[in-house]
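Hi,

Here is the structure I said I would pass on. Have a look at it first, and then read on for what turned up.

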Amino acid sequence: MFKFLFDRDTWQEVFDSFSKNKLRSILTMVGVWWGILLLIGLLGSAKGLENSFNRLFGDFATNSVFVMGSTTSKPFKGFQEGKRVQLTLTDIEKVEKNVEGIEFVVPRNMNQGLVVKNFLSGRFNIMGDYPVLDKVQKKKLIHGRFINQNDIDGNKKVAVISEDIYKQLFEKDESAVGEYIQINNINYLVIGLYDRGNVNFGPSEDIHIPFTTFQQVYNQGENIGFLMITGKPEFDIQQIEDDAKLLLKTLNKVHPKDKQAFRSFNLGKEFAKLTGFLTGMQFLTWFVGIATLIAGVFAIGNILLITVKERTKEIGVRRALGATPFEIKRQIVVEAVFLTLVAGVFGIITGGWILIALDSAYGQGADAAIVNASVSISVVFIALIILVILGTLIGLIPAFKATSIKPIEALREE
């Protein structure tokens, strides 16, 4: 079989057949070319969208939920509806110990403050945070560092500021780290500068100071503004959210069916919707691409049937000279696979050019909608294997047709 593939006469016959009907062969190959082009283009675009989402959410632990206290909507245990629910550090400790599947529980506080640097000023959001925040919401530090445990233990007046604040309060090329800023008339040493990125949930996070310093300065005591819960990868974040809320309702004497007492935003749930959309898009891409390929390959099969009809006398002569049915079938199958592969290779090359153009047009910059639109080598090999299989199967139809005619009848064909 392999010797046959490297036989010069085999390929001479393939090229002779192709050259006799150039236009018809090219038009036949267009279906396969379009199918593989569609497959490569759509898969690459889907990958580019996935890369874009991953870049946007890359700094966040996506298996997370944000919970904050609100007001009750049902009376319970002597408390009227409308009671304000205040989360505390004690609540956090109990949630961490009693809810299964939790990886991190991050208490957070927020307030606004007037920030002054020399003669420049502005009102910004001040966040009171623990160092663990950097594990679940990684900061893109440009200079300096994030808050550490030493800052927490010493109630240090240090601040990590966003690049946006730097641009408003500092001169161009001025170093922010090591300089002091005033927040509500209290001096803070800037220890870090970070890029906020493109995705923010809720109010903007402009300045981070140690949680303990925030407690002291704003007289918060044990109260916290909201908490961020991160689940372990193998656990369902929706179940973690439900369990945490139920426990918090018990701790704060809230009716178990009160849906208003605690507000939440489940990042894991929203992220799952995005990944589900991408998975569905990839499935649809494979379906549409393969369906188009099959249609194109059937067109090749139809053309080969016409070709076999035109070559009936030639096939009869070959049979009369001793060619076996297997050799006739083999030749026609090789022609089918050759046409399919050539069209497929051109489709892959064209699809690659389209992805390069797409990346150049829409994949540049921090706000790029499609990032590195591409397909892996494995996908290309799978596509080629599918082409070979489909070309072989569709080639068998005209091959059996060619050998079904008796040599004597073929020779009589006009």
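Before the details, one cut-off you'll need: a salt bridge here is a side-chain nitrogen of Lys or Arg within 4 Å of a carboxyl oxygen of Asp or Glu. By that rule lysine 139 and glutamate 205 form a salt bridge, because their closest N and O atoms are 3.3 Å apart. Also keep in mind that this is a predicted model.

**The chain as a whole**

The chain has 414 residues, and 45% of them count as buried. Its secondary structure comes to 14 helices and ten strands. Among contacts with a separation of 6 or more, 77% are between residues 24 or more positions apart. The accessible surface is about 21600 Å², with 59% of that belonging to carbon and sulfur atoms.

**Salt bridges**

How many salt bridges does a search of the whole structure find? The search gives seven. Here are three of them, starting with the pair I opened with.

Lysine 139 sits in the loop between helix H5 (133-136) and strand E4 (140-144), while glutamate 205 is in the loop between strand E7 (186-195) and strand E8 (207-210). The two are 66 residues apart, so this pair links distant parts of the chain. Are these two partners buried or exposed? Lysine 139 is buried, with a relative accessible area of 9%, and glutamate 205 is buried as well, also with 9%.

Next, arginine 108 and aspartate 129 meet through their side chains in a salt bridge, at 2.6 Å from N to O. This pair also links distant parts of the chain: arginine 108 belongs to strand E2 (residues 102-117), aspartate 129 to strand E3 (residues 120-129), and 21 residues separate them. Both arginine 108 and aspartate 129 are buried.

The third is between the side chains of arginine 145 and aspartate 151, at 2.8 Å from N to O. Here the two ends have unlike surroundings: arginine 145 is partly exposed at 32% relative accessible area, whereas aspartate 151 is buried at 0%. As for how the bridges connect up, Arg108, Asp129, Lys139 and Glu205 are joined into one network by salt bridges that share partners.

**A buried lysine without a bridge**

Lysine 83 is one to look at on screen. You'll find lysine 83 in the loop between strand E1 (64-69) and helix H4 (89-98). Lysine 83 is buried yet has no salt bridge. Why not? The nearest side chain of opposite charge, aspartate 258, is 8.5 Å away, and a salt bridge has to fall within 4 Å, so aspartate 258 does not qualify.

What does the side chain of lysine 83 reach instead? A polar atom of that side chain lies 2.8 Å from the backbone oxygen of asparagine 252, and the side chain also reaches the backbone oxygen of lysine 253 at 3.4 Å. Leaving aside neighbours within four places in sequence, lysine 83 is in contact with Ser70, Thr71, Thr72, Asn252, Lys253 and Val254.

**Elsewhere in the E1 to H4 loop**

Proline 75 is in the loop between E1 and H4 too, and at 47% relative accessibility it counts as partly exposed. Proline 75 and histidine 255 are 180 residues apart in sequence, but 7.2 Å apart in space from C-alpha to C-alpha. Beyond neighbours within four places in sequence, proline 75 has contacts with Gln80, Glu81 and His255.

Lysine 77, in that loop as well, has a positive phi near 50 degrees despite not being a glycine. Lysine 77 is exposed, at 62% relative accessibility.

**Another positive phi**

Asparagine 118, in the loop between E2 and E3, has a positive phi of about 55 degrees although it is not a glycine. Asparagine 118 counts as exposed at 62% relative accessibility.

**A nonpolar patch**

Finally, which residues make the nonpolar surface patch of about 490 Å²? They are Leu42, Phe283, Leu284, Phe287 and Val288. Helix H10 (residues 267-310) provides the largest share, four residues, and leucine 284 lies in that helix.

Cheers

Technical notes: Residues are numbered from 1 along each chain as its sequence is written. This is a predicted model: local features need pLDDT of at least 70, side-chain atom pairs count only at pLDDT 80 or more; totals for chains, interfaces and linings use all residues. Side-chain values use heavy atoms; hydrogens and water are left out. Buried means under 20% relative accessible area, exposed over 50%, partly exposed in between (1.4 Å probe, protein chains only). Contact means heavy atoms within 4.5 Å. Accessible areas come from the Shrake-Rupley method with a 1.4 Å probe; for residues, only the protein chains shown count as cover. Lys and Arg count as positive and Asp and Glu as negative; His and the chain ends are not counted. A polar contact is a pair of N or O atoms within 3.5 Å; within protein, one must be able to donate a hydrogen and the other to accept it, and residues adjacent in sequence count only if both atoms are side-chain atoms. Patches are made of residues with over 30% relative accessible area and no salt bridge: like charges are joined within 9 Å, nonpolar side chains (Val, Leu, Ile, Met, Phe, Trp, Tyr) within 5 Å.
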